[in-house]
Every structure is written in structure tokens, then in C-alpha cells.
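Here are a few short exercises to work through with the structure open beside you. Try each task before you read its solution.

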Amino acid sequence: MKPAPFAYKKPRSLEEAVALLGEHSDARLLAGGQSLIATLNMRLSAPSLLIDINGLSGLDGISHKAGMLEIGALVRHVQAERSDVITKHAPLIARAMPHIGHAAIRNRGTLGGSIAFADPAAELPACLLALDGEVEASGPKGKRTIKAADFFMGLFETALEPQDVLTAIRVPAAGKDTRTGFAELARRHGDYAIVGLAASGRADGKGLADVRLAYFGVGATPVRAKNSEAALARGDIDAAVAALDLNPHDDVQATAKVKKHLAGVLLRRVAKQLMEARS
Ligand SMILES: Cc1cc2nc3c(=O)[nH]c(=O)nc-3n(C[C@H](O)[C@H](O)[C@H](O)COP(=O)(O)OP(=O)(O)OC[C@H]3O[C@@H](n4cnc5c(N)ncnc54)[C@H](O)[C@@H]3O)c2cc1C
């Protein structure tokens, strides 16, 4: 199918992009286009204007400062996948990147697009939640920061306001005690996950502290398994699996019962990764 007709503008500044969003209430931002263009072609959306943000400068950097790693919204998946800075300071994101789509999609898709789109089966929103990260957005009133825990509000629904442009994400930079784990089950490598799990924690003596387990593919948003986090911090993997209180629904990929079972399988895999030396 072909998309419905739309106008196209390519602003040269963030202020111009925000102003255009204000002037056209049904406009959509175009980043990598890997999700948006599919929805247009399937006529799931028909905006009158596409605002191409690929000409905005300063949104494609990856930097480590003040204990945080900042990744610009226009960083492509492939750029993140190959970044030594991300491998060193955000090993969880590095673990997740190869699971996102296929090479052609990672060549164009952006980290900002993935977070803003908020697909419930996507890897990066869960990583952001597991890392207790944050989103930076610019709108008519200037910049604001939104914690990941407050950002993902519902199915494809985020805390971004209609005139907001997501400009960057930030996560605490990994230290020597940081532990991470990532696993997903998909029908084929690169497909959206049936169920996935992104996890972070801190080595604490022989155990773990600050464990954060963020599942994806089991609800409308990434979901933390808080009861299991406490059990895992005690080193009790069986209790962590038993404590899983996820409430997935049947979807085209699997039944809720299968998803719950797979969530337990992934928890055992990820627990081992978390307990390994520096990961
Ligand atoms: C076949 C296929 C398989 C895929 N598999 C996976 C997968 O396994 N895992 C996964 O996570 N993703 C997957 N994707 C999606 C891919 O990761 C996309 O790149 C991503 O979801 C959206 O990024 P984008 O830059 O392409 O955004 P776009 O498609 O350009 O935009 C997506 C949405 O986000 C909005 N948006 C984009 N950037 C911003 C911004 N800076 N501020 C505010 N709003 C913004 C747009 O207006 C639009 O509504 C797949 C895509 C395809 C086509």
C-alpha cells in the first residue's frame, strides 16, 4: 500500500521543529522512519505533515560526563552497536543492540525513535527502565527531563507532549561493580521479542544489590518484576522465578501462559549473567 498524501518539511533547528509541531497538530516527526513509514504505508496513520528531524545538529552524539552516559536521539542503532563508549559505560545497551531488528533496520533506525515509539516488545525502553535512565525532551517551554519510570505510560503512549522533541536519553554510567543481564526469545533473530528481559544490578560482596528487572513483551509498557528483584538480591533464583507476578495477555506471538513460562526461563538465564564477574 502507499501512504496517504502528506507535506514534508526539514527544519534546521530544534526551535523550528517545535514551532512546526505547534502549527500542525497532526504532524509527525520523522527520524529513521523504520516504524513510522510502515504505519503510513498501512494507513494506520495519515499525518498531513512529516517533520524530518534528520537535519538537526547536535542530536547524534554519544558522551560520558558527570557519571552519566548521554546518547543523542538521532544516534542510529548501528552507531550504538559499534560504539566503544556504549560498550564500556552502558554494557546493558550494548548487549541489547544486536537483537533490534535486522541490519538494514539498524542502519536507519534511531535510539530516540525507538524510545519515543515505545513499542511494548522493543528492547531499548526496557533497558532504559532497567538502568533507571531518563529522557530529555524539548518543547515550547524549553528542556525537561523525564525519568524512565514516568515516561512509558501505556500502549505506544509516553509522557512526551504533542510539541515535544525527544533530544537524548541518559543512563548512569556503569562502574566496576555494575552487573547487567539481557535475554529475549523471538521466533527468528531480529524479530520483535515474544518475551524479553533487561536487568541491572550491583555486586555487593558475594551477592547483588539494586537489582532491577525490566520485562518487555508482557504488557503495554516495559514492566518491572519487583518481587523477583528482592529474591534475586538474596541469591535465591528459584524464589525469584516463583515470585514473578507478571500479567501478560495473549497476543499474536504467544498465549499468556506461554509468556509467563518463558519469563521464568529468561529470569534463570539473566540471573546467571548478573552473577558473573563484570558484565
Ligand atoms: C521489520 C522490522 C523489525 C523491527 N524489529 C525491531 C525489534 O526487534 N526491536 C525494536 O526495538 N525495534 C524494531 N523495529 C523498529 C526499529 O527499531 C525502529 O527504528 C524504531 O522503532 C523507531 O525508530 P525510528 O528512528 O525508525 O523512528 P521513526 O519510525 O522515524 O519514528 C517512530 C515514531 O517515533 C516518533 N519519533 C521519532 N523520533 C522522535 C523524537 N526524537 N522525538 C519525538 N518523537 C520521535 C515519530 O514521530 C514516530 O511516531 C523493527 C522495524 C522493522 C521495520
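**Exercise 1. Place Arg 95 in its surroundings: is its side chain buried, exposed or in between?**

Solution. Start with accessibility: Arg 95 has a relative accessible area of 26%, so it counts as partly exposed, because that class lies between the 20% limit for buried and the 50% limit for exposed. Keep in mind that this is a predicted model. Next, find the secondary structure: Arg 95 belongs to helix H5, which spans residues 91–96. Then look for a partner: the side chain of Arg 95 makes a polar contact with the side chain of Gln 273, at 3.2 Å. Finally, try a distance: Ser 48 is 47 residues away along the chain, and its C-alpha atom is 38 Å from that of Arg 95.

**Exercise 2. Find which residues touch the most other members of the largest nonpolar core.**

Solution. The core has 38 residues, and Ile 93, Ile 115 and Phe 151 are the ones that touch the most other members. Now ask where the core residues come from: among the elements that each supply at least two are strand E5 (68–72), H5, helix H7 (111–117) and helix H8 (123–130). H8 gives the most, with six residues. Zoom in on Ile 93: leaving aside residues up to four places away in sequence, Ile 93 touches Ile 71, Ile 86, Leu 124, Cys 127, Leu 131 and Val 171.

**Exercise 3. Work out how the buried residues of helix H10 are arranged around its axis.**

Solution. First list them: in H10 (residues 226–233), Ser 228, Glu 229, Ala 231 and Leu 232 are buried. Looking down the axis, the buried residues fall within an arc of 170 degrees, so they line one face of the helix. The general rule helps here: an α-helix has 3.6 residues a turn, so residues three or four places apart point the same way. Then see what lies over these residues: the cover includes E13, strand E14 (223–224), helix H11 (237–242) and helix H12 (256–275). Just after H10, Gly 235 takes a positive phi of about 85 degrees.

**Exercise 4. Trace the salt bridge of Lys 143 and the network around it.**

Solution. Lys 143 pairs with Glu 136, with the closest N and O atoms 3.9 Å apart. Compare the two ends: Lys 143 is exposed at 62% relative accessible area, whereas Glu 136 is buried at 11%. Now widen the view: Glu 70, Glu 134, Glu 136, Lys 143 and Arg 170 are linked in a network of salt bridges. The whole structure holds 14 salt bridges.

Terms used:
Residues numbered from 1 in each chain as written. Predicted model: local features only at pLDDT ≥ 70, side-chain atom pairs only at ≥ 80, totals over all residues. Heavy atoms only, no water. Helix = DSSP H or I, 4+ residues; strand = E, 2+ residues; numbered from the N terminus. Buried < 20%, exposed > 50% of the residue type's maximum accessible area, 1.4 Å probe, protein only. Polar contact = N/O pair within 3.5 Å; in protein donor to acceptor, adjacent residues only side chain to side chain. Core = buried A, V, L, I, M, F, W, Y, C linked by side-chain atoms within 4.5 Å. Contact = heavy atoms within 4.5 Å. Arc of directions from axis to C-beta. Salt bridge = Lys/Arg side-chain N within 4 Å of Asp/Glu carboxyl O.
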